[in-house]
Amino acid sequence: MPIETTASVVAEVPAQAELLAVPYTPDLDPALTDDLPVPVAALFAHYEAKGEAGEIIEIPVVRGEGVGRVLLYGVGDGSPRALRKAAAALSRKARGRERLTVVIPGFEGADEVFAEAALLAAYTFKIGAPGKKPVRALEFAAADPQAVRRGEIVAQAVALARDLANMPASVKNPVWLAERATEQGVPVTVWDEEALASGGFGGLIAVGQGSANPPRLIQLSYDPPGATRHIVLVGKGITFDSGGLSLKPTDNMKTQKTDMAGGAVVIAVIGALAKLGAPIRVTGLVAAAENMPSGTAQRPSDVIRPYGGRTVEVLNTDAEGRLVLADALAYADDQLDPDAVVDIATLTGAISVALGRNVGAVYATDDTLAKELVSAGQTSDDRLWRMPLIDDYAPALESSIADLANVEVGSRFGAGSITAALFLREFAGKRPWAHLDIAGVGRSTVDEGTLTKGATGFGVRVLLEWLTR
Ligand code: BES
Ligand code: MN
Ligand code: ZN
């Protein structure tokens, strides 16, 4: 479900706004609060408020025959981070209400991040109708309509990525995912299992062969006239990761419908680029398969050939993401001639040990690319930390019978997220390449701020920021 809350702009604060949010800043226009029963400063002192982001004081006011409310809200240091927190808190406070009118504080860039975060906090994914409904309408007074519109496009793209990842795998399989890709307003090419086999995509075939739902490679092409740069985005699209014959324990398996979160980000980003009319050529590749155990499943010890023909000994069928990504990365390098390739994947549990649930990992073979992504992450609030490609660990992936092994046997080197990145690097070619490991940040365990429980859509904001600014 897309975010159902609407966002609009009004020229000035409506006199009878029933629920009105006013920022508590020193330069607050007194006219906005002249119907409060007590002066604002006294109210703040009374409630011992500090003006921090997320803080809200709710005050009843007379509205014609009835009662309205003014929400005095803190804005902290006025940074985008603080404003997002304030906006999310207001949006949550207005749950169950018809309309929230917001006066946005006058900080640089505030209108966009405010709209984005308030809408994101109104995101829900429900099969059924439990709990309070998000606020139906957000109305921003005297805001820049273009900034609000961009905030809305970004938030809806994050919502799409969340929706795709939250969808149960009983509905969501590679074919279903390919259908969703065709709804983004750009040309889409899909390889079915036969085309994959004859095209030499041995990773997707091997991972998908245990499932009744066949694999797909999905290509989305956003190619606006006059674009000079060409970027390829590659997303891991495992619609369910049971581990395959290297079966996961129940507790680890039950979150694995979101193992296509990277692919969902790629689909949502391309859709948003088209809506924004961004002047850059971007090709999306989603490597989609369902990793299941069965009589036709690949076995630990099988040797496969990802795109390009090198051989890989599959020693653990649960390290499947790198096998399908190998196909897509090698294909991009061989056929698409991009200026840079960025892949995004819920690749390793190890990265959540290293970086936790709030910061994603970026690996890169190019310093400029790494810096750009880290900086875009800072601005967009999808924060990234650069991780090293430690060459000393490359022998972890040596196989005695094939060109490469898909996992380290034993734990001489460890560093599971790094060795996974080293494996991918083998297939990325010589172009600037970055890899985002979002296994830690792809799901949230809390319903808080701009996050809702379940899929986060992490990656949409940083990639859109990077590609459009
Ligand atoms: N999809 C998982 C990684 C994952 C784990 C994502 C937890 C989200 C939450 C991936 O396919 C996987 O199983 N990785 C293995 C690699 C190992 C077998 C080398 C892992 O992390 O345990
Ligand atoms: Mn796995
Ligand atoms: Zn996986």
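Which pocket lies between domain 1 (6–143) and domain 2 (168–468)? Both domains give residues to the lining of the second largest pocket, so this pocket lies between them; the domain bounds come from an automatic or database domain assignment. The structure is a predicted model, in which local features need pLDDT of at least 70, side-chain atom pairs count only at pLDDT 80 or more, and totals for chains, interfaces and linings use all residues. Residues are numbered from 1 along each chain as its sequence is written, chains are lettered from A and ligands numbered from 1 in the order in which they are written, and side-chain values use heavy atoms, with hydrogens and water left out.

The second largest pocket has a volume of about 740 Å³. A pocket here is an open set of points, on a 1 Å grid over the protein atoms alone, where a 1.4 Å probe fits and protein lies on both sides within 12 Å along at least five of seven lines; lining residues have an atom within 4 Å of a point. The volume is the space filled by probe spheres set on the points, which are joined across faces, edges and corners. Among the 27 lining residues, Asn 358, Asp 381, Glu 448, Thr 450 and Leu 451 lie nearest the centre. Helix H2 (80–93) gives the largest share, 6 residues; helices are DSSP runs of H or I with at least four residues, and strands are runs of E with at least two, numbered from the N terminus.

The largest pocket holds about 930 Å³ of space. Of its 37 lining residues, Lys 248, Leu 347, Thr 348, Gly 349 and Ala 350 are the closest to the centre. Strand S9 and helix H10 (321–336) are among the elements that each supply at least two residues of this lining.

Strand S9 leads on to the metal site. The zinc ion (ligand 3) has as protein donors Lys 236 (NZ), Asp 241 (OD), Asp 259 (OD) and Glu 320 (OE), at 2.0 to 2.4 Å. Donors are N, O and S atoms within 2.8 Å of the metal (3.2 Å for Na, K and Ca); water is not among the atoms, so sites may look incomplete. The 6 donor atoms subtend angles of 79 to 174°, which makes the arrangement octahedral (six donors, opposite ones over 155 degrees apart and all others between 65 and 115). Asp 241 also coordinates the manganese ion (ligand 2), 3.2 Å from the zinc ion. Both Lys 236 and Asp 259 are buried, that is, under 20% relative accessible area with a 1.4 Å probe, protein chains only.

Note on methods: Four donors count as tetrahedral if all angles lie between 85 and 135 degrees; four count as square planar and six as octahedral if opposite donors are over 155 degrees apart and all others between 65 and 115; anything else is irregular. Buried means under 20% relative accessible area, exposed over 50%, partly exposed in between (1.4 Å probe, protein chains only).
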